[in-house]
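Reader: Please take a close look at one buried spot and its salt bridges, and go step by step. What sits where, and what touches what?

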Amino acid sequence: MTLHVEQRFGDILFYGVMLLLVYFVFLIFEPFLVPLGWAGVLAVVFYSWNKRVERRMGPTYAAALSTAGVTVILIVPVLALTLVFVREGVEIAHTVQTSIESGNFGWLGRAWTWLVDYARAHGGIDLPDLLRQAAARFGQFLAATLGQVVRNVVVFVFELFVTLFALFFFFRDGDRIMKYLRGLLPFEQRTREELIGSARDLIFASVNASLIVASAQGAICGSAFAIVGLPSPIFWGIVMAFLSLLPFIGAWPVWLSAAIWLFSTGHGVRGLILVAICAGVGGTIDNILRPALVAGRASLSGLLVFVGVLGGIAVFGLLGIVLGPIVLATAISILNLYTRNNDAGGLPTPASD
């Protein structure tokens, strides 16, 4: 009896110490979870490329070259686009303010004037004053967050360094990391490989395809803005690319609003060109690229992609655009495997010792 009590006490103490160690490990890694997550995503995306280089140069040199390649091909352009995005966003705010002051909105301006007069006459509501108050509050919000933005720049540079540093080791030690992760899955090898393959197909079909299509639509619609002479095409292209990630929404709220503004200011031909490019070419690209990329693979439904992107952003920040759907795709792969084995009369078989 005493031996049994001592054994149980030893087991409780062991698991308690293990939980405490896991908690401490989490605290150590918590400040680096976002950059490590980005490094993991980039390592998966460029895995095939790195393996081809590795066969010629060896793992260490291949990892260094792949990391440098990702930096030049992907990260540097993204940083440049981010700077242009911020600059053009400031220009848009100035342009809108100037247009409001000059009344350069065509029939939209006349409709706004009628709405203001109607609100004053029937409800005693001063719409311009409400807008000025909202703009003042927004300006106060920007001023209050300016210092935080400056601090975030320093944090961003540090996280970028951690991302590239971790990416090198993910490239170099990727096979060993995957072998260890496979060992953590409590299934037989066949079931384990099937689960990984199913999750990989879901991730490719639902995440990679969405990113490629969204990037293509953002580039096409942004180019259309430049063709018709609209200001800040890069800014709006990035906004439309992000909106294209969201099923049921897409880029149409931006380009349709721009087309209405062109029609209202007497530029009907330019408005028609914008609609033709964004709705015609952009929609055709979606209908061609997405089926080609998803062909032969199961994919997440539009609702799950929508929830995955928005929920992922709420939980993980910008990383959630990619990580949110990946988490859902992995969870669905596990549930599908469990359901299929359960229907067949048993659960997934744990790996034997």
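Author: A helix here is a DSSP run of H or I, at least four residues long, numbered from the N terminus. The model is predicted: local features need pLDDT of at least 70, side-chain atom pairs count only at pLDDT 80 or more, and totals for chains, interfaces and linings use all residues. Residues are numbered from 1 along each chain as its sequence is written, and side-chain values use heavy atoms, leaving out hydrogens and water.

Warm up with Gln 217, in helix H8 (residues 189–227). Its relative accessibility is 10%, so Gln 217 is buried (under 20% relative accessible area; exposed is over 50%, partly exposed in between, with a 1.4 Å probe and protein chains only). Leave aside neighbours within four places in sequence, and Gln 217 is in contact (heavy atoms within 4.5 Å) with Ser 244, Gly 282 and Asp 286. Val 281 belongs to helix H11 (residues 268–294). Its C-alpha is 8.7 Å from that of Gln 217, though 64 residues separate the two in sequence. Val 281 is partly exposed, because its relative accessible area is 41%.

Now the main part: helix H3, residues 47–57. Asn 50, Lys 51, Val 53 and Glu 54 are buried there. Look down the axis of H3: the buried residues fall within an arc of 170° (taken from the directions from the helix axis to the C-beta atoms), so they line one face. On the other side of H3, Arg 55 and Arg 56 are exposed. Just after H3, Gly 58 has a positive phi of about 90°.

Stay with Lys 51. Its relative accessible area is 18%, so Lys 51 counts as buried. Lys 51 makes a salt bridge (a side-chain nitrogen of Lys or Arg within 4 Å of a carboxyl oxygen of Asp or Glu) with Glu 54, the closest N and O atoms lying 3.2 Å apart. Both residues are in H3, 3 residues apart, about one turn of the helix. In general, an α-helix has 3.6 residues a turn, so residues three or four places apart point the same way.

Lys 51 also meets Asp 175 in a salt bridge, at 2.8 Å from N to O. This pair links distant parts of the chain: Lys 51 is in H3, Asp 175 in helix H7 (residues 174–184), 124 residues apart. Asp 175 is partly exposed, because its relative accessibility is 42%. Together, Lys 51, Glu 54 and Asp 175 are linked in a network of salt bridges.

Note on methods
Helices (H or I, at least four residues) and strands (E, at least two) are DSSP runs, numbered from the N terminus.
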